[in-house]
Amino acid sequence: MGRAAPEISIVLPAHNEAGNIAPMAAAIAQVMALIGPYEVIFVDDGSSDGTLSALRAAARDPVVRYVSFTRNFGHQAALRAGLRHAGGRAVIVMDADFEHPPELIPQLIAAWRGGAKIAATRRDDDATVSAGKRLTSRFYYRMLDAIGDVRIEPGSADFMLLDRAVVDVVNALEDQDIFLRGLVRWLGFPLVTIPYTRGERQHGESSFSAARMVELALTGIAAHSVRPLRFAIWLALGFAALGFLFVIYAVVSFLFVQHTVAGWSSIVAVIAILGAAQLLVLGIIGDYVGRILRETRKRPSYIVAETESREA
């Protein structure tokens, strides 16, 4: 099971997962024992705990590799780095905290060997997820389905197997911001979906905050839809029409109503509504412009500080 020709590469982004590195490597080794040659690639996304030390220790096993960033560049950047360093004929991406159960790996590989180029997963354990997160997730995916150019099932995750052909296409893309679970569906390769029950985190706490969830959601929308820009145009036209109606109302009141009551509250309400609409439109446009700026800068999505074979 050397590094020369692994059949399967398993990529695991890790941010402050020191306690999960060794157990995850052991769990994968147990699952892969009867499957074939493989390699494990951990990507340290700028951890501030002992994750890097744990990776150095784990890399004593020749099937374990690691990539360490200079700072935290984000989960999607870590996935991209792992895909670029993977050498297998198929690549599995999953989290290192056991919420993506290693026991599902054989099913993903079986689907790939059966002809699927992409074996995606769908979380089927709504009962274990808070009601608020469940509702926001469903709302987000329905909205993305309505305005985006791809369809992503609710409960989808960045836990999937990608054939080498898919990995090569993804690696060739130069987009600064990627949304992997949407991107692989946009490519159009044959895809199967496998349901799973979310596992229990063994050590530590998740560092995937609500702010990062919102940022990932916005990336997914911006990466796969320009309809928010069109929505901004229609919103602006709608409020322009509303303002025109207020002008007509004011003229009619001045000419035909003897005692018009001039109230500052109505004026303030109109100004507030129109101001909010303008800020919303500017915010939508600004988000897209900011992403265009990142693309034109051509900065790398991540910077590697160290791997298992050398230090930068």
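The sheet is a good place to start: in this predicted model, 8 strands line up as an open sheet in the order β7-β5-β6-β4-β1-β2-β3-β8, and the pairing is mixed. At the edges sit β7 (191–196) and β8 (304–307), each with a pairing partner on one side only. Going from one strand to its neighbour, the average turn is 20 degrees, direction ignored. In general, strands of a sheet pair through backbone hydrogen bonds, and they can do so parallel or antiparallel. Both senses will turn up below.

Before zooming in, a quick look at the whole chain. The secondary structure adds up to 10 helices and 8 strands. The chain has 312 residues, and 44% of them count as buried. Take the contacts with a separation of 6 or more: 83% of those are between residues 24 or more positions apart. As for the outside, the chain exposes about 16,300 Å², with carbon and sulfur atoms supplying 62% of that.

Now to β1, residues 8–14. Every one counts: 7 of the 7 residues are buried, so the strand is largely enclosed by the rest of the structure. You can see this on both faces, with I8, I10, L12 and A14 buried on one side and S9, V11 and P13 buried on the other. Within the sheet, β1 pairs with β2 (residues 38–44) in the parallel sense over 7 bridges, and L12 stands opposite F42 of β2. To get from β1 to β2 the chain passes through helix α1 (residues 18–32), making a β-α-β crossover that is right-handed. β1 also runs parallel to β4, joined to that strand by 4 bridges; here I8 stands opposite A90.

Staying with β2, have a look at E39, which is found in this strand. Is this glutamate buried or exposed? Its relative accessibility is 2%, and the cut-off for buried is under 20%, so E39 counts as buried. What does its side chain do in there? One polar contact, at 2.6 Å, goes to the side chain of S9, a residue we have already met on β1. Another, at 3.2 Å, joins E39 to the side chain of R65. Leaving out residues up to four places away in sequence, E39 touches P6, I8, S9, I10, V63, R65, H85, A86, G87 and G88.

A little further along, the chain enters the loop between β2 and α2 (51–58), and S47 lies in that loop. The side chain of S47 reaches back to the backbone oxygen of A14 at 3.5 Å, and A14 is one of the buried residues of β1. Apart from residues up to four places away in sequence, S47 touches A14, H15 and N16.

On the other side of β1 in the strand order comes β4, followed by β6. This is where the antiparallel sense comes in: β4 (residues 90–93) and β6 (residues 160–163) pair that way over 4 bridges. I92 has L161 of β6 as its bridge partner.

Two helices pack on this part of the sheet. Helix α6 (residues 164–172) lies across β4, β5 (118–123) and β6, and runs at about 90 degrees to β6. Helix α7 (residues 180–187) lies across β4, β5, β6 and β7, at about 40 degrees to β6. How much of α7 is covered? Mostly, it turns out: 6 of its 8 residues are buried, namely L180, R181, G182, L183, V184 and R185. Note that two arginines, R181 and R185, are among them. Just after the helix, G188 takes a positive phi of about 90 degrees.

Last stop, helix α9 (residues 227–256), where L242 is found. Where does this leucine fall between buried and exposed? With a relative accessible area of 33%, L242 is partly exposed, because that class covers values between the 20% and 50% cut-offs. L242 and L274 are 32 residues apart along the chain, and their C-alpha atoms are separated by 9.3 Å.

How values were computed
Residues numbered from 1 in each chain as written. Predicted model: local features only at pLDDT ≥ 70, side-chain atom pairs only at ≥ 80, totals over all residues. Heavy atoms only, no water. Pairing = 2+ DSSP bridges. Axes fitted to C-alpha atoms, helices over the stretch in contact; angles between N-to-C directions. Contact = heavy atoms within 4.5 Å. Buried < 20%, exposed > 50% of the residue type's maximum accessible area, 1.4 Å probe, protein only. Right-handed = clockwise from strand over helix to strand, strands pointing away. Polar contact = N/O pair within 3.5 Å; in protein donor to acceptor, adjacent residues only side chain to side chain. Areas by Shrake-Rupley, 256 points an atom, 1.4 Å probe, with all protein chains shown as cover.
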